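User: I should like to learn how to read a structural model feature by feature. Could we begin with the sheet?

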Amino acid sequence: MSPATPNALSLPAGLAVPYRFLAGVTIFLSAFLLFQVQPIVARQILPWFGGTAAVWTTCLLFFQAVLFLGYVYAHWLTRWAGPRRQAAIHTTLLVLSLAALPVIPSAGWKNIDGDPILHILGLLAVTVGLPFALLSSTSPLVQTWLSRSPGQSLPYRFYALSNAASLAALLLYPVAVEPWMATRSQSMWWSACYAAFTACCAGCAWYAPAASEKAADALGAPTLAVRLSWLVLSAIPSALSLAVTNHLCQNVAPVPFLWVVPLGVYLLTLILCFDGEGWYRRLFFVPAFLAASLGAAWLLMDASPDSSLFLIVPCFAGLLFLSCMYFHGELALRKPDPSHLTSFFLMMALGGAIGALAVAIGAPLLLSGNYELALALAAAAVAALLMEYRKHWASDIVCTAIAVAMCVAAASVMGAMRSAAVLSERNFYGSLRVVEGGGQRAMVHGVISHGFQVLDPARRQHLTAYYAPGSGVERAIALLRKPDMRVGIIGLGVGSLAALAAPGDYYRFYEINPRVEALARSHFTFLSECRGRVEVAIGDGRLTLEQEQPRSFDVLAIDAFSGDSIPFHLMSVEAVRQYRRHLAPDGVLAFHVSNSVLNLVPLAQRLAQVSGLEPLHIHAAADPRLYRSESDWVLMAAPGAWSRHPALARAGSRSGPPAGAPVWTDDYSNLFQVLK
């Protein structure tokens with residue numbers, strides 16, 4: 001680009017500082033909105049796809065891919081269009097993007113037809129595609145415009161500013177946005193701010209400084225090897241971030257609070273590494289990263305549903321921080337002259353998209369279990385070994401030894417998981433394993449058992465786990481027994497409750513994951529040996545019930561856990577209203593609320609109260625003699641029901657919710673309210 005090329009509008013010399021201020025505001029606002037819209041939109045569509053953690057990783061894939069497209073656009077615009085044309089094209093697209101406001105997904109996307117991943121990607125493209133692409137392009141575009149100014153030598157500091165804004169957006173969402181604003185209000189607020197951003201960005205485009213000799217002078221172009229190193233150093237932390245997110249969400253809860261932790265750590269490292277010299281020290285971060293990775297491999301081998309939330313989250317967040325500091329620090333050391341700024345960001349975005357693609361798409365298609373974190377650790381070790389090769393004899397020895405140890409540890413994690421399983425497979429809804437031991441066969445989702453069956457033929461129809469004699473749902477069905485009983489269950493598992501059916505009874509299961517039904521029929525006998533009539537409806541339980549005529553269930557049980565979490569859209573006021581439509585006049589609604597990290601009992605009690613129902617909390621202690629796991633069930637029924645069923649009432653506590661107990665709606669939920 002010739003320095004004589006006219007600018008869109010002449011910028012008086014005295015306005016250089018105000019322009020840099022406007023540029024800073026625009027970059028900050030674009031990055032803030034970029035990372036606010038991710039949880040806002042994902043939170044709205046999560047209930048439409050079963051509340052699974054894969055919804056968030058698919059959203060992250062979309063956002064990484066569109067971020068790459070935004071950088072492609074910025075690179076093309078600054079390389080092939082003059083300043084005046086850049087301003088005209090960008091302003092036109094900004095105005096067109098306003099047609100997408102407000103960013104509220106259409107309810108028509110609820111009806112899933114085909115692959116959920118493609119469905120989610122299409123939904124996001126229609127809802128927020130163009131605004132997100134333009135927000136993504138803002139940081140490299142404005143930094144390029146700034147780099148034209150004589151004396152403007154720190155465009156990368158504005159990259160750190162954009163990441164600081166992104167981090168602020170992520171940290172504010174779970175503590176200052178989600179707990180206080182309904183999702184629709186969040187979308188309206190975001191849309192208003194986006195309109196203000198378009199005005200700021202258009203101003204930056206039209207008043208950008210003229211190209212200088214320095215900006216026009218193309219220095220030595222980075223070699224192919226350097227560009228590939230940018231790609232690898234971006235892809236590894238992206239893959240690790242999504243793999244850690246998957247691990248946390250599948251074993252705790254797929255909610256924004258846990259979405260933002262890995263992404264926030266990822267952004268923090270970008271801020272520290274690109275803010276300036278001094279934050280990244282190779283002597284510390286190289287061995288610290290590798291040692292932390294070994295510790296993470298040990299944690300994966302020792303995975304347990306009893307692991308504390310306050311152990312799991314800090315440990316894996318620490319691993320991610322040290323890993324990303326190493327890779328982003330090495331990336332910052334390789335950043336080019338500002339004349340190649342957009343190509344640098346382009347390769348960074350491509351690497352991030354490749355890492356996201358590997359975890360969000362590749363892992364469910366190619367892996368039979370949740371092995372992506374172990375594989376990402378191994379890939380990080382190999383990459384670190386290659387990066388450190390020939391740097392120093394000591395680092396050669398240390399890095400080689402630890403990298404090999406990490407690969408062995410990662411392989412042992414996957415080997416241990418496979419060896420214990422009769423069968424292991426995976427799809428969009430998570431990983432499933434069938435494991436045997438101690439005369440029992442169990443179905444495991446993540447690290448959480450979805451039920452087990454005793455292998456002894458004489459006892460294989462014995463109720464087990466959360467449904468064994470003495471559990472809340474078993475007592476409800478047994479003590480409300482009547483001829484031709486009708487029972488509905490959201491969540492199939494191994495089909496244990498079918499063992500309670502008597503001849504003439506009707507049991508209807510609702511299961512979102514078709515592979516769960518396949519395994520329940522091929523490896524367990526509860527369904528095939530059911531004495532009553534049993535049906536399995538494939539699809540999200542609540543959405544399926546919305547489309548069906550009233551079923552008049554005598555008991556409707558809600559037990560749709562994903563890992564160690566229950567999808568929040570199944571515990572809302574609107575959900576209970578839908579359930580009641582399918583209950584007989586004297587029917588009982590039973591919520592399974594056992595959880596190692598979430599205290600859902602007060603939530604269920606409050607939900608019953610605001611729905612005009614009376615709660616009954618039944619706690620059952622673990623009893624190996626009965627094959628019973630510890631469980632909590634909250635039963636709900638019309639006023640006076642427990643007086644008519646005194647035996648059932650005596651089995652639990654009829655006390656109402658404690659003061660301040662939360663209540664969730666489809667438009668509002670807050671994980672902090674129910675953390676133990």
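**Reading the model**

Analyst: The model is predicted. A useful start is one pair of strands: β6 (residues 506–511) and β7 are paired in the parallel sense, over 6 bridges. Within that pair, phenylalanine 509 has valine 536, in β7, as its bridge partner.

User: In what order do the strands of the open sheet run, and is the pairing mixed or not mixed?

Analyst: The open sheet is formed by 7 strands, ordered β7-β6-β5-β8-β9-β11-β10, and its pairing is mixed. The edges are β7 (533–538) and β10 (614–620), each of which pairs on one side only. From one strand to the next, the twist averages 20°.

User: Which strands does helix α15 lie across, and which does α18 lie across?

Analyst: Helix α15 (residues 472–479) lies across β5 (486–490), β6, β8 (553–558), β10 and β11 (631–637), and runs at about 40° to β11. Helix α18 (residues 573–581) lies across β5, β8 and β9 (583–592), and its angle to β9 is about 135°.

User: How should one read the pattern of buried residues along a helix?

Analyst: The general idea concerns spacing: an α-helix has 3.6 residues a turn, so residues three or four places apart point the same way. For the case here, take helix α16 (residues 514–523), where Val516, Glu517, Leu519, Ala520 and His523 are buried. Viewed down the axis of α16, these buried residues fall within an arc of 165°, so they line one face of the helix.

User: Which residue caps the N-terminal end of α16?

Analyst: The cap is asparagine 513: one of its side-chain oxygens lies 3.0 Å from the backbone nitrogen of arginine 515.

User: Where does histidine 328 lie, and is its side chain buried or exposed?

Analyst: Histidine 328 belongs to helix α11 (residues 309–333). With a relative accessible area of 1%, histidine 328 is buried, since the cut-off for that class is under 20%. Leaving aside residues up to four places away in sequence, histidine 328 touches Leu233, Pro237, Tyr266, Thr269, Leu270, Cys273 and Phe274. One of these, threonine 269, is joined to histidine 328 by a side-chain polar contact of 2.9 Å.

User: How many disulfides are there, and how accessible are cysteine 193 and cysteine 530?

Analyst: A disulfide is assigned when two cysteine sulfur atoms lie within 2.5 Å, and the count by this rule is 0. Cysteine 193 is partly exposed, at a relative accessible area of 21%, whereas cysteine 530 is buried, at 12%.

Conventions. Residues are numbered from 1 along each chain as its sequence is written. This is a predicted model: local features need pLDDT of at least 70, side-chain atom pairs count only at pLDDT 80 or more; totals for chains, interfaces and linings use all residues. Side-chain values use heavy atoms; hydrogens and water are left out. Two strands pair if DSSP finds at least two bridges between them. Helices (H or I, at least four residues) and strands (E, at least two) are DSSP runs, numbered from the N terminus. Axes are lines fitted to C-alpha atoms, for helices over the stretch in contact, and angles run from 0 to 180 degrees between N-to-C directions. Contact means heavy atoms within 4.5 Å. Buried means under 20% relative accessible area, exposed over 50%, partly exposed in between (1.4 Å probe, protein chains only). The arc is that of the directions from the helix axis to the C-beta atoms. A polar contact is a pair of N or O atoms within 3.5 Å; within protein, one must be able to donate a hydrogen and the other to accept it, and residues adjacent in sequence count only if both atoms are side-chain atoms.
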